[in-house]
Amino acid sequence: MELFKRYLPIAILLIFVVGIQLLASATDTAYYLTQLTMAAYYSLLIIGLCLLMGYAGQISLGHAGFFAIGGYLTAALTSNDLSAIRETAFIQLFDKAGLLVERQSLYGEALLNVHPWPACIIAVSTAIIIAFILGIPVLKLKGHYLAMATLGFGIIIYRVVLAAEFFGEADGISEVPPFQLFPGVSVNGDFTNRVQNYYIAWGLLLFGLVLLLNLIHSRVGRALRSIHGSEEAAEAIGVNTARYKLYIFVISAAFAAVAGSFLTHYNGGIGPSEASVMKSVRYVAIVAVGGMANLWGALIMGIVLNFMSLRGMFGTYDDAVFGVILILIMLFAPQGILSLRVRNFFRKEEKDS
Amino acid sequence: MDLSLFLQYLFAGITYGIIYAIVAIGFNIIYNTTGIINFAQGEFLMLGGMISISLLHFMPLPLAIAVAVLITMIIGALIEIVFIRWIDNPSVLRMIVITIGISILIREVALHIWGESVRSLPYFIGSSVTSVSILGTRISPQVLIVIGACSVMVLFLNFFFKLTSLGREMRACSANRRAAILCGINAKNMVTFSFMLSAGIGALAGAVMSPITYSQYDNGTGLAIKGFTVAILGGLGNSLGAVAAGLILGVIEAFSISFLPLAFQDAVAIAILLVILFIRPHGLFGSSEAAKLKEF
């Protein structure tokens, strides 16, 4: 019964996802699916950040940095030509392991790249390692200090991708090849692959959501809520607060990196704006609108706001809209925009399980 | 590195350093009265520069700067009255998010008013090639004006907080808000005034630095980060510490150009910030005993 209640909303969401796809395909508006696919990837990052902010109570103004680490490493490894350094021992090792692919660029030149699978794994593991190393000292900080430290991390990543030739400087990296997950299933932005990619993105998002929902209903989740309530009290009853905060920081960074990696393949490229501070602030805004400690709120607002933004509904006021949203929510509804009735429904469910 | 080049770097470092110090003092003034870090502090400098550039079409330079400072002070007061004043006992996270929202809002409004173009005030004395000779090296007089104006501001603030009754009332609020209220000080007005004061010094610094560093709608964020670094480095709330820390950071940054690419200049400051936060969050000059009582 408990499990049924936990998975019922997911089943409903699944029906929605399939329904929207059928509706869009039937009414010849399949172009909406493109933005919904991208919104799903961004939402993957956002539910991860929601776990960190809402459940572990730690703000991060540097999550665009982890997204960029995932995206940029994926792009650089799968697009930058390695044939010039083919003879070096390191690349030889990759070659022997069968991790390299030869392909042709748009202009017919031969390129030697890392295969998307290992590239994705390297990108996400790098993000995890960086989150781990950064998290140990950073998460000792609180309040303003934590905000500024994570903001500083985000800016360093932004500066690095903007200045490094390896990451394409101000132009970013384009012509990233498709990511063939299995034979016949690949992540790319081709029109013919639109429906398939829609399901890949949403499948990934739902998988992430189930993972996080199970996590917050476990021992870890209860420990997190105790940290959020009072760190001192949690420590006093024997919760290793530092370790749990670090776990969650690393998990949310991994979610961001996976989202960055997949979205880069889907878009066929990535630019420095993905690493900008404004992006990090936007993610925080969306989590705040969803109501901080509310995964479903973060998910719904993540989809809705990203979809609207990607459709260009805010025009040149894109960033301003997020600024206004941020202020209004924090002034008038710090518990999030979803009405109390909706929240109570989920609350009750949380209490029962 | 010969002496002349060394002095060039040194003066560049001092110029930027003292600007960072002004931003840091702006943080400190608001932090002392409210316990809030105002993430929109850098935007005050941008506004000071931009507004005086626009006003220059209608009035002479000194008047344009004075009016720009006044307008920015009013904006500072409005921000406090509209967004901060009526919130009771806000959580830190909430205030961080609100001030970040305010900084985005100011930046976006600036973008729509002034566009993306880079502007600057004319040099106050002579032109961009005018220079004076100090110890055998050529320095633009504007550099000396920036250093002079910022030093005067630091001295003025020091006297203001020590000698005037308004300054003393503000200090009383930061020392113990409840006790200050019981003594008949209107603490809420003091908070409004602290926003005006830090907006004012920010705007003046933004105007005098504009000929050298240029003004653009988005150069507030970078300054805010540097200013925060300096504020932490000098010990949050400690204004003289901020001046020393500002000069240290400015000079380190200036000399980092000689062995690092320019693009990584910002990364140097932020790396220093991270290191300081990890090993000495109470700052170079703060006392570690007092720090134990604070929350980091």
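**View 1. The largest pocket of this predicted model holds about 1,500 Å³ of space.** In this predicted structure, a total of 43 residues line that pocket. If you want to find its centre, look for Arg159(A), Asp218(B), Asn219(B), Gly222(B) and Asp266(B), the lining residues that lie nearest to it.

**View 2. Here's what the wall of the largest pocket is made of.** Sorted by class, its lining comes out as 20 nonpolar, eleven polar and twelve charged residues. Helix α9 of chain B (residues 220–233) gives the largest share of the lining, with five residues.

**View 3. This one is about where chain B and chain A meet.** On each side the count is 38: that many residues of chain B are in contact with 38 residues of chain A. Interface size is often quoted as the accessible area lost when the parts come together. For chain B and chain A, the buried area is about 3,600 Å², and carbon and sulfur atoms give 83% of it.

**View 4. Now for the side of chain B that touches chain A, and what crosses the interface.** How many salt bridges does the rule find between chain B and chain A? It's zero. Polar contacts do turn up: two residue pairs, both at pLDDT 80 or more. On the chain B side, α4 (92–114), α9 and α11 (265–279) each supply at least two of the touching residues. The largest share belongs to α4(B), with 14 residues. By class, this side of chain B has 30 nonpolar residues, alongside three polar and five charged ones.

How values were computed:
Residues numbered from 1 in each chain as written. Chains lettered and ligands numbered in written order. Predicted model: local features only at pLDDT ≥ 70, side-chain atom pairs only at ≥ 80, totals over all residues. Heavy atoms only, no water. 1 Å grid on protein atoms, 1.4 Å probe; cavity = no way out; pocket = protein on both sides within 12 Å on 5 of 7 lines; lining within 4 Å. Points joined across faces, edges and corners; volume = space filled by probe spheres on them. Helix = DSSP H or I, 4+ residues; strand = E, 2+ residues; numbered from the N terminus. Nonpolar A, V, L, I, M, F, W, Y, C, P; charged D, E, K, R; others polar. Contact = heavy atoms within 4.5 Å. Buried area = accessible area lost by both parts, 1.4 Å probe. Salt bridge = Lys/Arg side-chain N within 4 Å of Asp/Glu carboxyl O. Polar contact = N/O pair within 3.5 Å; in protein donor to acceptor, adjacent residues only side chain to side chain.
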